[in-house]
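Here are a few exercises on a ligand site and a bit of surface. Grab your viewer and work through them one at a time.

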Amino acid sequence: MKDELYALQEQALADVEKAEQGKELQDIKVKFLGKKGPITEVLRGMGKLSAEERPLIGQVANEVRGSIQEAIEKKQQTLKAAEIEQKLASETIDVTLPGVSKAVGHPHPLTQVIEEIEDFFLSMGYSVAEGPEVESDYYNFEALNLPKSHPARDMQDSFYITEELLLRTQTSPVQPRTMEKMNGRGPVKIICPGKVYRRDNDDATHSHQFMQIEGLVVDENIRMSDLKGTLEVFAKEMFGEERDIRLRPSFFPFTEPSVEVDISCSICQGKGCSVCKQTGWIEILGAGMVHPRVLEMAGFDPEKYTGFAFGMGPDRIAMLKYGIEDIRHFYTNDLRFIQQFNRK
Ligand code: 2NL
């Protein structure tokens, strides 16, 4: 019986030695030390032994069991250590490798120009107002004193969706919408940036979709001089301290009087060049005193309130500012163009 036990021990230790995985060790443990294993079997049969043999065999059985158990535990630790070692080796990070840098985007050049214009007017106490791009005939035309017969309402010039709905042709409709909410009480001091649409054939200076920013100030005692002063400071801020502005009489249905506003050419300093077409001046916006009918329709008493308004094209301003020769560059999204405007 003793020999039998030692033979079992020898085999178990050999098996443990060969084992390469925790699972195998588990199997060996069950096989040799489990309830149905040979050692348990021997211990169970001890009752049949003589009184002298019993303690001796008992001792050997315990010894064999202990040594197998110890061998399994030892091997378990060895395997675990090897596993950790391997994991460490495979997961080592080489901190000297060059990093993978992520490409970071930047705002579109038009967005940058619009934000610059917004920042200027925000600093002057204006709020930014926005409205829908699908607009009603009423807000897009009627409320701006463009009567039904006006040529600007020609179906050929606008993208109509139904008889009554169209893609807005200017950002002006945001202004009567805002004024209506004021219940006839000033002041109103807003700028309205956004996309507008015209049924035009695209070329270097025309796009069927472009940007506009309009401004509106309505209060008691607003005068033409307030408009002129505002635009003068704006021109200097946007195009440089040396810029002058001049106003030329013009016509818009929603303003009376109306003016076209030029800035002195920043390229030739007023001497005459191809950009200013040898005049020394560049037209940058249209403006005027809000037509009393427009105030009235939006619920403001034109006897008490006056106002000025202006409209400009950020596309054109960006083209002048950066010497861009084709408006389509803004909308074709060629990254070689756009990435030149990455202000770090
Ligand atoms: C231009 C001219 C202009 C306005 C827009 C306006 C809006 C209201 C009342 C009166 Cl609610 N006027 N807007 C006024 C004058 C000119 O835009 O050349 N834009 C690119």
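A residue counts as near the ligand if one of its heavy atoms lies within 4 Å of it. Keep in mind that this is a predicted model.

**Exercise 1.** Work out which residues come nearest to the ligand, and how the shell around it divides by residue type.

*Solution.* Start with the shell: 15 residues sit around the ligand. Next, pick out the ones that come nearest, which are Gln 175, Glu 214, Gly 286, Ala 309 and Gly 311. Finally, sort the shell by type: nine residues are nonpolar, five are polar and one is charged.

**Exercise 2.** Find polar atoms close to ligand nitrogen, using a cut-off of 3.5 Å for N and O pairs.

*Solution.* Try Glu 214 to begin with: one of its polar side-chain atoms is 2.7 Å from a nitrogen atom of the ligand. Then take Gln 212, where a polar side-chain atom is 3.4 Å from a ligand nitrogen. Gly 311 joins in through its backbone, with an N or O atom 3.2 Å from a nitrogen of the ligand. Now for burial: the ligand taken alone exposes 480 Å², and the protein buries 88% of that.

**Exercise 3.** Say which elements give two or more residues to the shell, and which gives the largest share.

*Solution.* List the contributors: α7 (174-180), β5 (209-219), β8 (281-290) and β9 (306-312). Then rank them: β9 has the largest share, with four residues.

**Exercise 4.** Locate a nonpolar patch on the surface.

*Solution.* Select Val 134, Ile 161 and Leu 165, which together have about 230 Å² of accessible area. Then place Ile 161: that residue is in the loop between α6 (137-140) and β3 (165-167).

Note on methods:
Residues are numbered from 1 along each chain as its sequence is written. This is a predicted model: local features need pLDDT of at least 70, side-chain atom pairs count only at pLDDT 80 or more; totals for chains, interfaces and linings use all residues. Side-chain values use heavy atoms; hydrogens and water are left out. Patches are made of residues with over 30% relative accessible area and no salt bridge: like charges are joined within 9 Å, nonpolar side chains (Val, Leu, Ile, Met, Phe, Trp, Tyr) within 5 Å. Accessible areas come from the Shrake-Rupley method with a 1.4 Å probe; for residues, only the protein chains shown count as cover. A salt bridge is a side-chain nitrogen of Lys or Arg within 4 Å of a carboxyl oxygen of Asp or Glu. A polar contact is a pair of N or O atoms within 3.5 Å; within protein, one must be able to donate a hydrogen and the other to accept it, and residues adjacent in sequence count only if both atoms are side-chain atoms. Ala, Val, Leu, Ile, Met, Phe, Trp, Tyr, Cys and Pro count as nonpolar, Asp, Glu, Lys and Arg as charged, and the others, Gly among them, as polar.
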